[in-house]
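Okay, thanks for coming, everyone. I'll put the structure up first and then talk through it for a few minutes.

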Amino acid sequence: MRVNVSDDVSSLESLKPWWIDPSWPFWYLLAMVVWRLATPVVRRSWLWLPGAVALSLVVGRWDLPWLDLNRVIGFLPFYVLGVHLPGWLTVLLKRRVSVPFALVAMAGLWWFSAHTDTWFPTEWLYYRTPYGHLDASTEQGMAIRALLLGLGLVGALSVLALLPRRKHAITAMGAWTMVVYLLHGFVMQGVIALDLVDLLPDHAWTQVLAVVAFAVALAFFLGWPPVARRLSWIVDPVDAVRSLRRRRG
């Protein structure tokens, strides 16, 4: 059972092969492999969407650490929804009338995220720990996960509704989100290994502002096209070769 962040950043001697028990963002690489292999099947019918929800709710009963299957199957409904996302919904989200609703929804989620520990541990948000390990019955666990799936759907649709309609100076950075997501973990591991966390100021809010500022700066640096193009060879070498051929052609 992995409940604390310290479990993921334990000493090198305790680390397992990443493809068996991935830590930090590497679980997402395995998830993408599994989801893409399942795409030809799940795209055949929209009935796979309620099926994916059912799988997500049921898998929470068991501990499946190998390949991080708890999370891979737990988050599967969002991938299947993306495969079957109806065109009319995409058009609706692009209309300005959806923006006020999205802002209200995001404000509600902001409030909810600040009070999650009041109702249940934050570990529920990772979809990786069985219900029983979280002191919940199967029925309670399914109810909580169903609630989180619904809130996640609201949040995802709200973000899509708030995306800029026009290109801006940082629009190009959006193509490199995978680079930012996968490689920021190496920076965080370095920060922890070098005990740089101890350099944070003592005041709580000052710590928050310092961490947020560092996170934003790191995201901008890793997503900066000159940097991201070079790092893309690590994240997706196949696509990097294709992009290089297109530019030369």
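One definition before anything else: a residue is called buried when its relative accessible area is under 20%, exposed when that value is over 50%, and partly exposed in between. Also, please keep in mind that this is a predicted model.

So let's use that cut-off straight away. Arg71 has a relative accessibility of 6%, and because buried means under 20%, Arg71 counts as buried. Its salt-bridge partner is Asp68, with the closest N and O atoms 2.9 Å apart. And Asp68? At 1% relative accessibility, Asp68 is buried as well.

How many salt bridges does the structure hold? There are 2. The other pair is Glu123 and Arg128, whose side chains come to 2.7 Å, N to O. Both of those residues are buried too.

Okay, stepping back to the whole chain. We have 249 residues, and 28% of them are buried. On secondary structure, the protein chain has 13 helices and 0 strands, so if you read the elements from the N terminus on, you get α every time.

Now the pocket, which I guess is what this group wants to hear about. The largest pocket has a volume of about 740 Å³. Lining it are 20 residues, and the closest to its centre are Phe75, Phe78, Gly152, Gly155 and Ala156. Which helices supply at least two residues each to that lining? Those are α2 (26-42), α5 (76-83), α7 (98-114) and α9 (138-162). Among these, α9 gives the most, with 7 residues. If you're thinking about chemistry, the lining breaks down by class as 16 nonpolar, 4 polar and no charged residues.

Two of those helices come up again on the surface. There's a nonpolar patch of about 470 Å², made by Leu103, Met106, Val159, Leu160, Leu162 and Leu163. Both α7 and α9 supply at least two residues of the patch; Leu103, for one, sits in α7. Again α9 gives the most, this time with 3 residues.

Last stop, a loop. Pro65 lies between α3 (48-59) and α4 (69-74). Is Pro65 buried, exposed or partly exposed? Its relative accessible area is 40%, which falls between the 20% and 50% cut-offs, so Pro65 is partly exposed. Along the chain, Pro65 and Thr129 are 64 residues apart, yet their C-alpha atoms are separated by 8.9 Å.

That's my tour, over to you.

Technical notes:
Residues are numbered from 1 along each chain as its sequence is written. This is a predicted model: local features need pLDDT of at least 70, side-chain atom pairs count only at pLDDT 80 or more; totals for chains, interfaces and linings use all residues. Side-chain values use heavy atoms; hydrogens and water are left out. On a 1 Å grid over the protein atoms alone, a cavity is a set of points where a 1.4 Å probe fits but cannot get out, and a pocket is an open set with protein on both sides within 12 Å along at least five of seven lines; lining residues have an atom within 4 Å of a point. Grid points are joined across faces, edges and corners, and a volume is the space filled by probe spheres set on the points. Helices (H or I, at least four residues) and strands (E, at least two) are DSSP runs, numbered from the N terminus. Ala, Val, Leu, Ile, Met, Phe, Trp, Tyr, Cys and Pro count as nonpolar, Asp, Glu, Lys and Arg as charged, and the others, Gly among them, as polar. Patches are made of residues with over 30% relative accessible area and no salt bridge: like charges are joined within 9 Å, nonpolar side chains (Val, Leu, Ile, Met, Phe, Trp, Tyr) within 5 Å. Accessible areas come from the Shrake-Rupley method with a 1.4 Å probe; for residues, only the protein chains shown count as cover. A salt bridge is a side-chain nitrogen of Lys or Arg within 4 Å of a carboxyl oxygen of Asp or Glu. Buried means under 20% relative accessible area, exposed over 50%, partly exposed in between (1.4 Å probe, protein chains only).
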